[in-house]
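Please describe how this chain is organised, from its domains down to individual side-chain contacts. A short report under plain headings is enough.

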Amino acid sequence: MATLKDVALLAGVGMSTASRAISGAGPVSAEAMKKVQAAIEQLNFRPSSIGRSLSAQSLGMIGIFAPSFFGAYYGTILKQTDIELRAMRRHVVVATGCGDGTPREEAIEAVKFLIGRDCDGIVVLGHDLLDEDMRMLHKMHPKMAFLNRRSPELESSSFCPDHYHGGELAARTLLDAGHRQLAVISGPAGTSDNEERLHGFFDELARQGIARDEVRSIASDFSREGGFGATQQLINEGGKFTGLFCANDEMAVGAISCFHRAGIRVPDDVSIVGYDDDYSAEFSSPGLTSVHIPMQQLTQNAVRWLLNLCYGTQHEISREFPVTVTVRGSVAVRANPAGPRGV
């Protein structure tokens, strides 16, 4: 296998000149560049990524931990991360938390895996992590951005929208449409961003005179299957509700499917509000009204912050991520008590 020394000898240039010509890091005359390129072609030379990494003291890789590879939510984050890194000729290494341990244990193990692979920086979707876990991992690798998670002690590393306000908006959307008999399908108990949106939702209801114990609530797992199963449980248990809040769009799509199979019309019989406003929301039937979380912008700014930290780029970083509601066809106005029959 040809080496850098072989290329330099054939091209008739010094090792440093050949290295600069190959890496693009430093001045090289047009004539020397032409000779080096000819030598590379003749020798079928392939630069060693390990050698370049040792020289630059960097692997040129950013790691990202995601609890799962599946679904529109994680797909948006992974795609945007790859877009940002490819623009800088850097690469992404992805670790997931699927395994036999608890979600928290799997998250810690996966992040430690990325640290052990010498990633220059790491993006962490850590809603299963405790604050103490975040501090421990950040101490092990300070070039770490926490996505969709807020930590007062790691403020500069945290990129998170106001999920409490998102929950408030979900409640207002149903209340403004005249719905007061409500149900909720939440995400896993103890998940930080899930708890924040639920607090916002129930606090807004309380301000309108609706107590939390008046609202039927079932915890699920953020999946379409989980949303379908939780909806079936709500139907089987009986009890009236005309408005349903699902703590993410995946579960909301599962809920719509379950209602359809049961002969319950959305939004005529029951209105649904989702959360995240991922790309599945627009193409559900009916289109899903959803709290919009700007995950693309969140991811972009977290990754660019790491690029600035790791490679000295000068990207402008925003930490303002407005939360809004995208109105589609899954919510109908309940004009009077004799309106939609509910579930």
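## Domains

The centres of domain 2 and domain 3, taken over C-alpha atoms, are separated by 28 Å. The model is a predicted one. The domain assignment of the chain lists domain 1 (4-56), domain 2 (61-160 + 295-322) and domain 3 (163-294). Between domain 2 and domain 3 there is contact: 15 residues of domain 2 touch 13 residues of domain 3.

## The five-stranded sheet

An open sheet of five strands follows the order β2-β1-β3-β4-β5, and its pairing is parallel. Its edge strands, each pairing on one side only, are β2 and β5 (158-159).

Strand β1 runs parallel to strand β2 (residues 91-96), and six bridges join the two. Within this pairing, G63 stands opposite V93 in β2. Five of the six residues of β1 are buried, so the strand is mostly covered. At the other end of the order, β4 and β5 are also parallel and are joined by two bridges. Here S158 in β5 is the bridge partner of F146.

## The six-stranded sheet

A second open sheet has six strands in the order β7-β6-β8-β9-β10-β11, with mixed pairing. Its edges are β7 (216-219) and β11 (324-326), each of which pairs on one side only. On average, neighbouring strands of this sheet are turned by 20° against each other, direction ignored.

Strand β9 has pairing described on both sides. With β8 the sense is parallel, over three bridges, and G243 stands opposite S271 in β9. With strand β10 (residues 289-292), strand β9 (residues 271-276) again pairs in the parallel sense, over four bridges, and G274 stands opposite S290 in β10. β9 is mostly covered, with six of its six residues buried.

## Helices across the sheet

Two helices lie across strands of the six-stranded sheet. Helix α9 (residues 192-207) crosses β6 (182-186), β8 (243-246) and β9, and runs at about 170° to β6. Helix α11 (residues 249-261) lies across β6, β8, β9 and β10, at about 155° to β9.

## Nonpolar cores

The largest nonpolar core has 44 residues, and L147, F159, F201, L205 and F245 have the most contacts inside it. Two or more residues each are given to this core by β1 (61-66), α5 (72-87), β4 (144-147), α8 (163-176), β6, α9, β9 and α13 (295-311). The largest share, nine residues, comes from α13. Where does this core lie with respect to domain 2 and domain 3? Both domain 2 (61-160 + 295-322) and domain 3 (163-294) give residues to the core, so the core lies between them.

F201 illustrates the contacts around one residue of this core. Leaving out residues up to four places away in sequence, F201 touches G167, E168, A170, A171, L174, L182, V184 and F245. Apart from the largest core lies another one, of 22 residues, including A230, I256, I272 and V343. As a general background, nonpolar side chains in soluble globular proteins tend to be buried together.

## Aromatic pairs

The count of aromatic pairs comes to six. Why is the pair of F241 and F259 classed as tilted? The ring centres of F241 and F259 are 6.5 Å apart and the ring planes stand at 50°, so the pair is tilted; planes under 30 degrees apart would count as stacked and over 60 as edge-to-face. This pair links distant parts of the chain, 18 residues apart: F241 is in the loop between α10 (224-237) and β8, and F259 is in helix α11.

Are F241 and F259 buried or exposed? F241 has a relative accessible area of 0% and is buried. F259 is likewise buried, with a relative accessible area of 0%. Elsewhere, ring pairs link F201, F202, F245 and Y275 into a cluster. Of these, F201 and F245 are among the residues with the most contacts inside the largest nonpolar core.

## A residue in helix α2

T17 is found in helix α2 (residues 15-23). Its relative accessibility is 18%, and because the cut-off for buried is under 20%, T17 counts as buried. Not counting residues up to four places away in sequence, T17 touches V28 and A32.

Note on methods
Residues numbered from 1 in each chain as written. Predicted model: local features only at pLDDT ≥ 70, side-chain atom pairs only at ≥ 80, totals over all residues. Heavy atoms only, no water. Pairing = 2+ DSSP bridges. Axes fitted to C-alpha atoms, helices over the stretch in contact; angles between N-to-C directions. Contact = heavy atoms within 4.5 Å. Core = buried A, V, L, I, M, F, W, Y, C linked by side-chain atoms within 4.5 Å. Buried < 20%, exposed > 50% of the residue type's maximum accessible area, 1.4 Å probe, protein only. Domains from an automatic or database assignment.
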